[in-house]
Amino acid sequence: MSPEFMIIDGSSLIHRAFYALPPLSNAAGQYTNAVYGFTTMLLKLLADLKPDAIAVAFDKGRITFRNETYAEYKGHRKATPGELSEQFPLVKEVLAALGIQVLEEAGYEADDIIGTLSVQAVQAGCQVTIVTGDRDALQLIGPYSRVLLTKKGISDMENVTEETFREKYGIASSQFIDVKGLMGDTSDNIPGVPGIGEKTALKLVSEFGSVENLLANIERVAGKKLQENLRTYRDMAIMSKKLATIVCDMPLAFSLDQYGYAPDTEKLKELFAHFEFKSLLQRLPAMFGSAAGEPAAEPVRIETRRIETQEAAQELAAAIRCKGRLVFYPVTEGVLPAISFNGLALWDGKEAVYIPAGSDGWSCVAELLNDDRLEKTTYDAKVTYNACYGADLACSEIQTDILLMAYLLDPTAVEYPLNKLVETYLSGYASLHPDQYKDRTAAALWSVEAIARLQPVLYAALQDAKLETLYREIELPLVWVLSSMENYGITVDRASLLGMSEGLSVRIEGLLTEIYQLAGEPFNVNSTKQLGVLLFEKLNLPVIKKTKTGYSTDAEVLEKLAGYHPLIGILLEYRMLIKLKSTYLDGLLPLIHPVTRRIHTTFNQTVTATGRLSSSEPNLQNIPIRSEAGRKIRELFVPGEGYDYIMSADYSQIELRILAHMSKDNGLIEAFNHEQDIHTRTAAEVFGVSMSEVTAEMRSRAKAVNFGIVYGISDYGLSRDIGVSRKEAGQYIESYFARYHGVKEFIDVIIRFARQNGYVTTMFDRRRYLPEINSSNFNQRSFAERTAMNTPIQGTAADIIKKAMIDVYQELKKANFTSRILLQVHDELLLEVVEQEVEPVSRLVKQAMEQAVTLLVPMTVEVKTGKTWAAAK
DNA sequence: GCGACAGG
DNA sequence: CCTGTCGC
């Protein structure tokens, strides 16, 4: 078999690792996340591929021959952040300890070294694997070489071979540079030919074979405009192709022996200890054997000790009480509000044990869970609270929730599975995938040990990031409130719901008949593809907007087409009604609980990047309100048995008030202190008239401007929202900033902070990392900038209402009211109340919400009560 | 996975 | 800007 040669793009992998992992550091304050990520990836590659030889290439300096060809090459690339550049030498130390050759050459990029090595290695009879995150390397693929392309994160890679490349793009990998020559690459500042994107480029290359052949046959290209561009920019295309071409003939001598590797385990041990890569340290002997040639360590074994007798349980409970700490992981099943325990794994300080529910050992669990002298630690406390509710067990406060901590440390992660957390925070300690366990018991035993080990690490990280107060005072106490709300559920009038659905069916049938008649034939109106063909090919209506896959037919487009054809108005009504019926009537029906007759949503506390809650199965945070027909849906939400009214309490303009406070803008503060209508005031400022002269049109545009400011405005977005030109929208924004100077200053300061620190924070120190804030890609960077201004505002609003929820919940309990909170909709709380409590509860809720924080402007809460959710609005 | 659309 | 669900 031919020898396997692995070539790694060191620069690319380090970048990838840096942005994929939260900013970890060791006790000395040295950043280590990129080193850790890189090392993990490398060790995994060594273990999986077992290459015979290996080389790692780095870029050196920023000027290459490409700058002689084109001075602007990679011109607008931002400097590497300090936290990253300081880790490059550390990575090289790791490579040295592994005995792996590092290559860098002034005047060349890592790509060129990789290209040259790969050609030479193939000539020497090797199979080559190139590992990188840079798609440019795809041009190096051949019959004896493939590319492993890093995906998002650090664990997954895409294997690209000659075959898979051709399948995906329809051209040979060697033609990749021709595509790039035509389409250019904004991130490398390679110009390409204007008007040619990836699709056109791929088409042209598959048709003509190469840039040169294309340019020689321009007259055969379809499209006048395209031909003209190709003629005007022919030199640009040739130069761009040259820029994109990786050099494969650098002066490098090659022999396979040169690139063997020989790990120095002592040195590695030292390094890993210094970086505090605890788990890597532990895995070292298993990977390479120790220096003294001891046998590799045994893989971690899971001891399945079950506690099934009263005696054993009592003994265990005594030991745990003695320690004062209960670390547990529940195994549950069922749906709200009847979730139940299958068993519970717990950590006794030395080993994990499992207690099956219903066994003679179970009694001690009930005692332990409700022992308020124990400090309790778990993963996802809400699951435990819900299971206790379902099993009718009392549960005292849980003080540590690993899931919540991980979320606060990095709210943008997609999920927080324990095995990932172990990989990130314990440097992969005994990291096994949950699927590798033969049963849930074994997985639970592994999990509880992971929780025990993660706790101190996450806690320290939380303190470092100043997140402890937010965690202790808001997120943790909120868990119990959310669990209660989920278990209460909300009553829906099932009979009316069925009636309404039936009524809508009839109306929708009628609309469909009209649509088919006007269209001349029946078709699937729900298919945007079929609808597009009808509107834009059969009826020849003007194409307003396109999507990635075809014509856009969204409401915005349809409204512009309204004058052209009677079909359009009917389509809009059909769309609205079918949405209401499918999502809010038929979709809701199966989620009405057969026993409680109520709908029990799930509030997710660890999903959003900003700190808001989300609601699912069903989502009760997007029940219609804006349209008349939609509002009817809210009439279905009614007080349940034993209750008389629905009460809603919502913050007025919470986000703009927060903006006023955080920016300290005089005009904004004054407006709120005088309880002025904020949109009218903004209209007066932006259009330079007095408040009494503001027209409805002006107010509505000003309202859009205010939304835009909160969302992180772009002239493009605003122009779309209010239907004016981009230029005019730009002028509105400009005059807004001229009048609200404090706001402008506030935004500038936040963006500067984000650029410097890589994250933004809310008033309560909630944090969100924005790695793209210094990106060389304009779109990515602009997006990050808008996020940078939006997150502190949206996130602070989330902090405030979360605090209000806790306060309202506790005060209702304290005063022994029957009335209770059922839902939260971002700036609104929904309660069900009993007749005699309407007055006091309304006062209590208003007071608690308004006093949740003290800002430079008053917080105003409007409370309404009615027989249904619609009436309470 | 995408487009459309419901909410904030 | 932040979400979740439906239907294709």
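A crossing of two helices is called left-handed when the near helix is turned anticlockwise from the far one by less than a right angle, and right-handed when the turn is clockwise. With that in hand, the crossing of H18 and H20 in this predicted model can be described as left-handed. Helix H18 spans residues 402-409 and helix H20 spans residues 440-464; their axes come within 10 Å and cross at roughly 35 degrees. On the H18 side, the residues that meet H20 are Ile 402, Met 405, Ala 406, Leu 408 and Leu 409. Their partners in H20 are Ile 451, Leu 454, Gln 455, Leu 458, Tyr 459, Ala 461 and Leu 462. By class, the residues of this contact divide into eleven nonpolar and one polar, with no charged residue.

A second helix pair offers a useful companion to this picture. Helix H34 (residues 778-814) packs with helix H35 (residues 838-850) at an angle of about 145 degrees, and the two axes are 9 Å apart. The crossing of H34 and H35 is right-handed. From H34, the contact is made by Ala 804, Asp 807, Val 808, Glu 811 and Leu 812. From H35 come Val 841, Leu 844, Val 845, Ala 848 and Met 849. The contact of H34 with H35 divides into eight nonpolar and two charged residues, with no polar residue.

Stepping back to the whole chain, chain A holds 35 helices and 23 strands. Of its 873 residues, 52% are buried. Among contacts in chain A between residues at least 6 apart in sequence, 68% join residues at least 24 apart.

Attention now turns to the DNA. There are 23 residues around DNA strand B, and those that come nearest are Thr 553, Ala 555, Asn 622, Ile 625 and Arg 626. By class, the protein surface near DNA strand B has seven nonpolar, nine polar and seven charged residues. Helix H25 (residues 566-586) gives the most to this surface, with three residues. On the DNA side, 73% of the strand B atoms within 4 Å of the protein belong to sugar or phosphate, and the rest belong to bases.

Individual atom pairs add detail to this view of strand B. Ile 625, one of the residues that come nearest to the strand, has a polar backbone atom 2.4 Å from a phosphate oxygen of DNA strand B. A backbone N or O atom of Asp 554 also lies 3.5 Å from a phosphate oxygen of the strand. For Lys 579, the partner is a base oxygen of DNA strand B, which lies 2.9 Å from a polar side-chain atom of this residue.

Several loops deserve a closer look for their backbone geometry. Most residues other than glycine have a negative phi, and most peptide bonds are trans. A cis peptide bond, however, joins Leu 336 and Pro 337, with omega at about -5 degrees. Pro 337 sits in the loop between strand E8 (325-333) and strand E9 (340-347). The peptide bond from Glu 617 to Pro 618 is cis as well, with omega near -5 degrees. Pro 618 belongs to the loop that runs between strand E16 (614-616) and helix H26 (628-634).

Positive phi values occur at two loop residues that are not glycine. At Asp 380, phi is near 70 degrees. This aspartate is placed in the loop between strand E11 (375-378) and helix H17 (381-390). Its relative accessible area is 22%, so Asp 380 is partly exposed. At Glu 675, phi is about 50 degrees, again a positive value. Glu 675 is found in the loop between helix H28 (666-673) and helix H29 (678-687). With a relative accessible area of 46%, Glu 675 is partly exposed.

A final loop residue leads back to H34. Thr 818 has its place in the loop between H34 and strand E21 (820-824). Thr 818 counts as partly exposed because its relative accessibility is 41%, a value that falls between the limits of 20% for buried and 50% for exposed. Leaving aside residues up to four places away in sequence, Thr 818 touches Tyr 643, Val 834 and Glu 837. Phe 753 is 65 residues from Thr 818 in sequence, and the two C-alpha atoms are 47 Å apart in space.

Conventions. Residues numbered from 1 in each chain as written. Chains lettered and ligands numbered in written order. Predicted model: local features only at pLDDT ≥ 70, side-chain atom pairs only at ≥ 80, totals over all residues. Heavy atoms only, no water. Axes fitted to C-alpha atoms, helices over the stretch in contact; angles between N-to-C directions. Helix = DSSP H or I, 4+ residues; strand = E, 2+ residues; numbered from the N terminus. Contact = heavy atoms within 4.5 Å. Nonpolar A, V, L, I, M, F, W, Y, C, P; charged D, E, K, R; others polar. Near = heavy atom within 4 Å. Polar contact = N/O pair within 3.5 Å; in protein donor to acceptor, adjacent residues only side chain to side chain. Buried < 20%, exposed > 50% of the residue type's maximum accessible area, 1.4 Å probe, protein only.
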